[in-house]
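Here is a short tour for anyone who likes to see how a fold is put together before setting up a calculation. Keep the viewer open while you read.

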Amino acid sequence: MTTRLIVAIDVPKFERAKELIDMLAPLDVLFKVGYEAIYGYGEAILALLEARRANYMLDVKLHDIPRTVHAAVHALVRPGLRLLTVHALGGNAMLQAAVEAAQERAAELRIEPPGVLAITILTSIAPEDLNELGLQGGPGENAIRLAALARDARCSGVVCSVHEVADLKAFFGQQFVAVTPGIRPAGTSHGDQARVATPREAQAAGADYIVVGRPVVGDADPYNAARFILDELAAPLRT
Ligand code: C5P
């Protein structure tokens, strides 16, 4: 099973993002561009990724009325965009609008459509917060229910923890894409991630992509840190 590495470019300045992208672009990685980069230097980083012919994920976590989300996705689809995120809590019509816009715009540009990934329950939401929000049940139940909603709306998959991958694949099929953050290579700091897994554990669980931020971009040698993870993913799995 192939598990690909996505490096989260979560840095405040474009100059540093550019250094990282130039350094890591020769490797077989995708880049994740999130709020910090999009709101801080969005056009510059998108132009750079396009110029470097890099593949990337836009972690835009869209959540608005269907027409607005359709327009946003239409504006975001470009060559190199492989994955983009939307909140499952936006509902079925919004999710469908995102998937349709991705397909329509990609057809206009004659490129592969990006996969639309749903965010189910943010990991920062505690069980007691769910009740306050009017959602019954625990985080796990809500995550599965929202993943089903995403699947019904023809989303490609979800962002989830390594611990949820096996259940998601069992319920929704192997082709339902699982992208897992919270990855820490053995021996690196956990930062603020409470539940972590190694790249190898994520791969063994069936993750299609792992998202790694600080252990790569915060390392004194990001190129080597990324290569180390790629080597770990390339080694044959012993079962
Ligand atoms: O630096 P670190 O490896 O923790 O970065 C992980 C990336 O994945 C960050 O961009 C973070 O926003 C994102 N993420 C996460 N946990 C989630 C969803 C997204 O860490 N549940």
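The structure holds zero disulfides. Please bear in mind that this is a predicted model.

**Two cysteines**

A disulfide is a covalent bond between the sulfur atoms of two cysteines. Why, then, is cysteine 160 not paired with cysteine 155? The two sulfurs are 14 Å apart, which is too far for a bond, given that a disulfide needs the sulfur atoms within 2.5 Å. Seen from the other partner, cysteine 155 is in no disulfide, and the nearest cysteine sulfur is that of cysteine 160. As for solvent, cysteine 155 is buried, with a relative accessible area of 6%. Cysteine 160 is likewise buried, also at 6%.

**Two helices with a buried side**

An α-helix has 3.6 residues a turn, so residues three or four places apart point the same way. Helix α3, residues 66-76, has Val69, Val73 and Leu76 as its buried residues. These cover an arc of only 65° around the axis, so they sit on the same side of α3. Arg67 and Ala75, on the other side of α3, are exposed. Which elements cover the buried residues of α3? The cover includes strands β3 (56-62) and β4 (81-87) together with helix α4 (92-109).

Helix α7 (162-172) can be read in a similar way. Its buried residues are Val162, Val165, Leu168, Lys169 and Phe172. Looking down the axis of α7, you find them within an arc of 95°, so they line one face of the helix. Note that a lysine, Lys169, is among the buried residues, while a phenylalanine, Phe171, is exposed on the other side of α7 along with Ala170. Among the elements that cover the buried residues of α7 are α6, β6 (157-159), β7 and α8.

**The largest pocket**

If you plan to look at cavities and grooves, start here. The largest pocket has a volume of about 1,200 Å³. Its lining is made up of 40 residues, and those nearest the centre are Thr123, Ser124, Pro181, Gly182 and Gln193. By class, the lining has 19 nonpolar, eleven polar and ten charged residues. Which elements each supply at least two residues of that lining? They are α2 (35-51), β3, α6 (139-152), α7, β8 (209-212) and α9 (214-217). Helix α7 thus appears in the pocket lining, and strand β3, which also helps to cover the buried residues of α3, appears there too.

**Two arginines with positive phi**

Most residues other than glycine have a negative phi, and most peptide bonds are trans. The table shows two arginines with a positive phi.

| Residue | Phi | Loop | Relative accessible area |
|---|---|---|---|
| Arginine 53 | about 55° | between α2 and β3 | 77%, exposed |
| Arginine 110 | about 55° | between α4 and β5 (115-119) | 78%, exposed |

**Contacts across the sequence**

Three buried residues show how separate parts of the chain meet. Valine 29 lies in strand β2, residues 29-33, and counts as buried at 7% relative accessibility. Its C-alpha is 8.4 Å from that of alanine 226, although 197 residues separate the two in sequence. Leaving aside neighbours within four places in sequence, valine 29 is in contact with Leu5, Val7, Leu24, Asn55 and Leu230.

Threonine 198 is found in the loop between β7 (177-180) and α8 (199-205). How accessible is threonine 198? With 18% relative accessibility, it counts as buried, because the cut-off for buried is under 20%. Beyond neighbours within four places in sequence, threonine 198 is in contact with Ile183, Arg184, Ala186 and Glu232.

Proline 199 lies in helix α8, and its relative accessibility is 0%, so it counts as buried. Between the C-alpha atoms of proline 199 and arginine 184, which are 15 residues apart along the chain, there are 7.0 Å. Not counting residues up to four places away in sequence, proline 199 touches Ile183, Arg184, Pro185, Ile210, Ile229, Glu232 and Leu233. Ile183, Arg184 and Glu232 are contacts of threonine 198 and of proline 199 as well.

Definitions and conventions
Residues are numbered from 1 along each chain as its sequence is written. This is a predicted model: local features need pLDDT of at least 70, side-chain atom pairs count only at pLDDT 80 or more; totals for chains, interfaces and linings use all residues. Side-chain values use heavy atoms; hydrogens and water are left out. Buried means under 20% relative accessible area, exposed over 50%, partly exposed in between (1.4 Å probe, protein chains only). Helices (H or I, at least four residues) and strands (E, at least two) are DSSP runs, numbered from the N terminus. The arc is that of the directions from the helix axis to the C-beta atoms. Contact means heavy atoms within 4.5 Å. On a 1 Å grid over the protein atoms alone, a cavity is a set of points where a 1.4 Å probe fits but cannot get out, and a pocket is an open set with protein on both sides within 12 Å along at least five of seven lines; lining residues have an atom within 4 Å of a point. Grid points are joined across faces, edges and corners, and a volume is the space filled by probe spheres set on the points. Ala, Val, Leu, Ile, Met, Phe, Trp, Tyr, Cys and Pro count as nonpolar, Asp, Glu, Lys and Arg as charged, and the others, Gly among them, as polar.
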